[in-house]
Every structure is written in structure tokens, then in C-alpha cells.
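Trainee: Could you walk me through reading a structure like this one? I would like the general idea, and then the case at hand.

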Amino acid sequence: MAGLNVSLSFFFATFALCEAARRASKALLPMGAYEGFAREAVGAAQLGACCLEMRALLVLGPWAGGFGPDLLLTLLFLLFLAHGATLDGASANPTVSLQEFLMAEASLLGTLLKLAAQGLGVQAACTLTRLCWAWELSDLHLLQSLMAQSCSSTLRTSVPHGALVEAACAFCFHLTLLRLQHGPPAHRVPAVALLVTVTAYAAGPLTSAFFNPALAASVTFGCSGHTLLEYTQVYWLGPLAGMVLAVLLHQGCLPRLFQRNLLYSQKNKYRVPRVKPAPASGDTQTPAKACSGREPGCSGVRGPHSS
């Protein structure tokens, strides 16, 4: 249990440091710079560091520490609950930023800044996490520090199958985000955490279920076993395809590219009231308006008893 206690301390320290960085950057930077860059960089660093430590627990924990899958999945669920409560609106995921761009909710410049911040944050997380492992505070960190120099690939299936798995995970993730984007955080955060836990359990043995190109690039792109092109197909193109399909299914179109709805028929929101037809001129039930002979148009009209 000593290794688990060290990992829990690592998680708490990561959340504390990132929260301090968020508050400092919010106090020192303009709101636009904080929301467009600093918030995403800190969120990506927090997510990346926790992902690396969690992956070490998943890989080495069962045989080095005797951790069962129930403990690891419960810890993963609690971690994403904490992420949802502390990220302060940051996505820390390039496909989510690109989804906002396709939904016409963010500009091109803002999206590029977020992507740069996410890449910078994940790289900082990798550097700091490996530095922490080098301190060898536990046997788990000692083993992970030795294995970090020659890491193994997280892709344990064929490239087409891996791309399909990552696309399916991203599709479920983004569709859930789109369905719950206007819901209260008390419902959205547990639902996303549960979805991430389920997808990690189902797809983890195949691709590690990243569906986050920034995380995948920092964790597995430098590992042997596959080429850079194969990693790109699985961990970049797969999640992008799943995200685009989720937006298309939810919206019926890609609002940034075209407004025409391709999947759903557009019904008029307002009902046009029906107008009753005007009565015919020969209708005997409608009383005729009496007029005097001095009025124009009435001089040639004779009554029924006129001679």
C-alpha cells in the first residue's frame, strides 16, 4: 500500500499546484489571455500528469502492488470527477477545441491558441512527472523510471482496428458532451467521469482509450512498436473522425462549414393560424348592409318590393 499512498499524494499535489497556478494566472493575466491560453495549459498539465501516473498504476500496479481492477477503475472515476470539478471550463483536449470550432462557437485564432496551450501543458506534465519518478519515492516509481527510457506501445491491436476503437470512444465522448453541454454540472461531471471509466475498461486493453490526441502524442508516440504514421492514424485521425461524426449526428450538419441540415427535416417553429374563407357574395345568410340612396353605388339598387 505504500506505492498507492505515494501515488495518491502525487495526485493531491498535482491538483493543488494546478489550482494555485490557475488562481495566480487568473489574478495576473487579462481574462482573455487566461481563458484562451493559461487555463488550457494548466488543465492539460493537470490531466497529463494524472494520466501518466494512472497509466503507471494500471500497467505496474496489478503485479508490483497487487492492485485489483476494481480499485483502479474506482480511482479513475474519482480522478475524472475531480478533473470535472477543478478544470474551470478548460477542455484539455484538442478534439473538444476543434468541436467548438466546427460548432462555430470559437474563432480560428482562439482554437489555434488553445491547441498550442494544450500541447505545451502536456509536455510540461511529462517533464515534471518523469522528474518526480526519478526521485524513486516508491518501488512503483522506481520501476516506472527504469521503464520510461524504453516504453512499450499502448497500441496492442491492428492499426485499422485501433483507429476504429479510438473513433468509437471519441464518438461516445463527444456525443455525451453535446447532449449535456447545457445541463447542470452536477449531472454532466459524473456522467462524463462514468463514461471515461467505462470506455477505459472496455477499450483500455486495445488502445488505452485516450481519445485525446495531445495525451496520446506525449505518452506513446515515442515508444517503439509502430511508426509515427500508424500512431497518427489511430490516435489523431480516429478521434477526429469520431468527433466529426458526433457533431454531424447531433446537429445534422457542420455549422462552421455549411448551414444546411443534412439529416433532419426542419419544421417550422411557429404555427400559422388558419384563416376562414370569406363568405360568397350570394350567401343569403349574410345580411346586406343598408345604405341610403344618396350613397354612391346605391342609386341603382332596388328592393324586392320596388316597382
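Mentor: Happily. Let's begin with accessibility: a residue is called buried under 20% relative accessible area, exposed over 50%, and partly exposed in between. Keep in mind that this is a predicted model. Take Cys172 as a trial case: its relative accessibility is 35%, so Cys172 counts as partly exposed.

Trainee: Is Cys253 buried or exposed?

Mentor: Cys253 has a relative accessible area of 5%, so it is buried.

Trainee: Let's stay with cysteines. What is a disulfide?

Mentor: It is a covalent bond between the sulfur atoms of two cysteines. To call one here, we ask for a pair of cysteine sulfur atoms within 2.5 Å. By that rule the count is one disulfide.

Trainee: Which cysteines does the disulfide join?

Mentor: Cys151 and Cys223, with an S to S distance of 1.9 Å. The pair links distant parts of the chain, 72 residues apart. Cys151 sits in the loop between α6 (139–147) and α7 (159–180), while Cys223 is in the loop between α9 (213–219) and α10 (228–251). As for accessibility, Cys151 is partly exposed at 22%, whereas Cys223 is buried at 4%. Cys172, our trial case, is in no disulfide: the nearest cysteine sulfur, that of Cys169, is 7.0 Å away.

Trainee: Why is the disulfide of Cys151 and Cys223 called left-handed?

Mentor: Look at the torsion about the S-S bond: it is about -115°, so the disulfide is left-handed.

Trainee: Now the interior. What should I expect of nonpolar side chains?

Mentor: In soluble globular proteins, they tend to be buried together. In this model, the largest nonpolar core has 22 residues, and Val122, Phe210, Leu215, Val234 and Tyr235 touch the most other members. The elements giving two or more residues to this core are α2, α5, α7, α9 and α10, and the largest share, five residues, comes from α2. A second, separate core has 18 residues, including Phe11, Phe15, Leu72 and Leu75.

Trainee: Which residues is Val122 in contact with, beyond its neighbours within four places in sequence?

Mentor: Val122 is in contact with Ala44, Ala45, Ala214, Leu215 and Ser218.

Trainee: And pockets? How much space lies in the second largest pocket?

Mentor: About 400 Å³. The second largest pocket is lined by 20 residues, and Phe10, Ala13, Thr14, Leu17 and Leu128 are the closest to its centre. For any lining, ask which elements supply it and what its residues are like. Here α1 (2–28), α2 (31–65) and α5 (108–134) each supply at least two residues, and α1 gives the largest share, eight residues. By class, the lining has 16 nonpolar, four polar and no charged residues.

Trainee: I'd like to finish with prolines. Where is Pro94 found?

Mentor: Pro94 is in helix α4 (residues 94–102). At 12% relative accessible area, Pro94 is buried. Setting aside residues up to four places away in sequence, Pro94 touches Leu115, Gln118, Asn212, Pro213 and Ala214. The C-alpha atoms of Pro94 and Gly119 are separated by 8.7 Å, with their positions 25 residues apart along the chain.

Trainee: Is Pro69 buried or exposed?

Mentor: Pro69 has 59% relative accessibility, so it counts as exposed. Pro69 lies in helix α3 (residues 69–86). From C-alpha to C-alpha, Pro69 and Tyr201 are 8.9 Å apart in space, although 132 residues apart in sequence.

Definitions and conventions:
Residues are numbered from 1 along each chain as its sequence is written. This is a predicted model: local features need pLDDT of at least 70, side-chain atom pairs count only at pLDDT 80 or more; totals for chains, interfaces and linings use all residues. Side-chain values use heavy atoms; hydrogens and water are left out. On a 1 Å grid over the protein atoms alone, a cavity is a set of points where a 1.4 Å probe fits but cannot get out, and a pocket is an open set with protein on both sides within 12 Å along at least five of seven lines; lining residues have an atom within 4 Å of a point. Grid points are joined across faces, edges and corners, and a volume is the space filled by probe spheres set on the points. Helices (H or I, at least four residues) and strands (E, at least two) are DSSP runs, numbered from the N terminus. Ala, Val, Leu, Ile, Met, Phe, Trp, Tyr, Cys and Pro count as nonpolar, Asp, Glu, Lys and Arg as charged, and the others, Gly among them, as polar. Buried means under 20% relative accessible area, exposed over 50%, partly exposed in between (1.4 Å probe, protein chains only). A nonpolar core is a set of buried Ala, Val, Leu, Ile, Met, Phe, Trp, Tyr and Cys residues joined through side-chain atoms within 4.5 Å. Contact means heavy atoms within 4.5 Å.
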